[in-house]
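Before the questions begin, please examine the sequence and the coordinates together.

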Amino acid sequence: MRIALSMLGFGLVMLSGTAYGAAEQAGHGTHWGYSGDVGPDRWAQMKPEFSACAGKNQSPINVSGLIEAQLPPVKFDYKQGGSEVVNNGHAIQVNYDAGSGIEVDGTRFDLKQFHFHSPSENQVNGKSFPLEAHLVHADKDGNLAVVSVMFDEGKDNPAVAAAWGQMPKSAGGKNALPGKVGANGLLPANRDYYRYNGSLTTPPCTEGVRWIVMKKPLTVSKQQIETFQKTLGFANNRPVQAVNARPILK
Ligand SMILES: [Zn+2]
């Protein structure tokens with residue numbers, strides 16, 4: 001469990017700065033989960049470092065009530081870089097080599113890792129999806145931007161297959177990937193997106209995260225969904241949170 005906890009906060013272990021330091025310290029000795037006494041409705045009370053979980057700008061949300069905006073394209077600069085796959089006890093995560101990223105708001109955010117939730121965490125107009133990918137990026141100051149991609153059940157996804165080929169069966173497991181996995185394979189051809197400000201969806205639920213939710217879902221096969229759910233052994237989706245005063249842009 002120690003290894004799993006050190007991967008807390010989406011496994012942002014490779015990040016420097018105070019946000020990460022706080023996240024790591026918050027994790028030690030605190031076994032949060034997705035049900036019962038350690039489930040999402042208890043996170044904020046579990047320890048002071050998790051108090052943001054009761055904040056007003058939390059993720060995930062039901063993406064609806066959309067406001068028309070002229071959202072500029074996100075500039076994607078992804079190279080083949082998925083190097084190892086980790087079962088951190090909360091999700092299946094692929095850690096990414098340096099050198100890939102996106103540009104949002106005129107700022108470069110480096111791709112650190114991507115991971116998956118089943119069923120989806122965010123919803124779109126009340127619709128839940130069987131799988132959601134989170135591509136987690138950080139700028140040089142530690143600010144976070146997460147690109148979310150939804151998956152419907154359908155044809156299998158080759159990038160997902162490559163990433164999950166070596167999926168560790170137990171929490172704390174980590175396997176090198178035989179070939180570098182490309183995050184481009186997790187992006188729809190049409191890059192239109194919804195945007196809102198939210199948080200990490202896991203403790204410490206840090207706010208100030210730029211959320212970029214791709215409008216077009218991709219597909220994964222029924223078998224891929226079942227393999228993921230069986231390996232993790234539980235649903236790893238935090239329930240949708242109140243939108244409160246936030247605009248959601250399209
Ligand atoms: Zn996530």
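The exchange below concerns a predicted model.

Biologist: What is the mean pLDDT of the chain?

Modeller: Confidence is given residue by residue, and 88% of the residues reach 70 or more. Averaged over the chain, the pLDDT is 90.

Biologist: Over which residues is the pLDDT below 50?

Modeller: The stretch concerned has 52 contacts in the model beyond near neighbours in sequence. Where pLDDT is low, however, the predicted coordinates should not be read in detail. The pLDDT is below 50 over residues 1-28.

Biologist: Which residues coordinate the zinc ion?

Modeller: Along the chain, the donors follow the spacing H-x1-H-x16-H. Two of the residues, His117 in strand β6 (residues 107-117) and His134 in strand β8 (residues 131-138), link distant parts of the chain, 17 residues apart. The zinc ion is coordinated at 2.0 Å by NE2 of His115, NE2 of His117 and ND1 of His134.

Biologist: Are His117 and His134 buried or exposed?

Modeller: The cut-off for a buried residue is a relative accessible area under 20%. His117 has a relative accessible area of 1%, and His134 has 0%. Both values fall under the cut-off, so His117 and His134 are buried.

Biologist: Which cysteines does the disulfide join?

Modeller: The structure holds 1 disulfide. Its S to S distance is 2.0 Å, within the 2.5 Å that the assignment requires. The disulfide joins Cys53 to Cys205.

Biologist: How many residues apart in sequence are the parts that Cys53 and Cys205 tie together?

Modeller: Cys53 lies in the loop between α4 (43-46) and β1 (62-63), and Cys205 in the loop between β11 (193-199) and β12 (207-214). The pair therefore ties together parts of the chain whose separation in sequence is 152 residues.

Biologist: Is the link of Cys53 and Cys205 right-handed or left-handed?

Modeller: Both Cys53 and Cys205 are buried. The angle about their S-S bond is 85°. The link is right-handed.

Biologist: Which backbone nitrogen lies 3.0 Å from a polar atom of the side chain of Gln224?

Modeller: Gln224 lies in helix α6 (residues 222-232) and is buried, with a relative accessible area of 9%. Leaving aside residues up to four places away in sequence, Gln224 touches Asp156, Asn157, Val160, Ala161 and Trp164. The backbone nitrogen at 3.0 Å from the side-chain polar atom belongs to Asn157.

Biologist: Is the pair of Tyr34 and Trp43 stacked or edge-to-face?

Modeller: The count of aromatic pairs comes to 11. In the pair of Tyr34 and Trp43, the ring centres are 5.9 Å apart and the planes stand at 75°. An angle over 60 degrees counts as edge-to-face. The pair is therefore edge-to-face.

Biologist: What are the relative accessible areas of Tyr34 and Trp43?

Modeller: Tyr34 and Trp43 are each buried. The relative accessible area is 15% for Tyr34 and 0% for Trp43.

Biologist: What is the angle between the planes of Tyr96 and Phe114?

Modeller: Tyr96 in strand β4 (residues 92-96) and Phe114 in strand β6 link distant parts of the chain, 18 residues apart. Both residues are buried. Their rings form a tilted pair, 6.1 Å centre to centre, with the planes at 55°.

Biologist: Which residues form one aromatic cluster with Tyr96 and Phe114?

Modeller: Tyr96 and Phe114 form an aromatic pair, and both belong to one cluster of aromatic residues. The residues that form this cluster with them are Phe116, Trp164 and Phe228.

Conventions:
Residues are numbered from 1 along each chain as its sequence is written. This is a predicted model: local features need pLDDT of at least 70, side-chain atom pairs count only at pLDDT 80 or more; totals for chains, interfaces and linings use all residues. Side-chain values use heavy atoms; hydrogens and water are left out. Helices (H or I, at least four residues) and strands (E, at least two) are DSSP runs, numbered from the N terminus. Buried means under 20% relative accessible area, exposed over 50%, partly exposed in between (1.4 Å probe, protein chains only). Donors are N, O and S atoms within 2.8 Å of the metal (3.2 Å for Na, K and Ca); water is not among the atoms, so sites may look incomplete. pLDDT is the predictor's confidence in each residue, from 0 to 100. Contact means heavy atoms within 4.5 Å. A polar contact is a pair of N or O atoms within 3.5 Å; within protein, one must be able to donate a hydrogen and the other to accept it, and residues adjacent in sequence count only if both atoms are side-chain atoms. Rings of Phe, Tyr and Trp (its six-membered ring) pair if their centres lie within 6.5 Å; planes under 30 degrees apart count as stacked, over 60 as edge-to-face and the rest as tilted.
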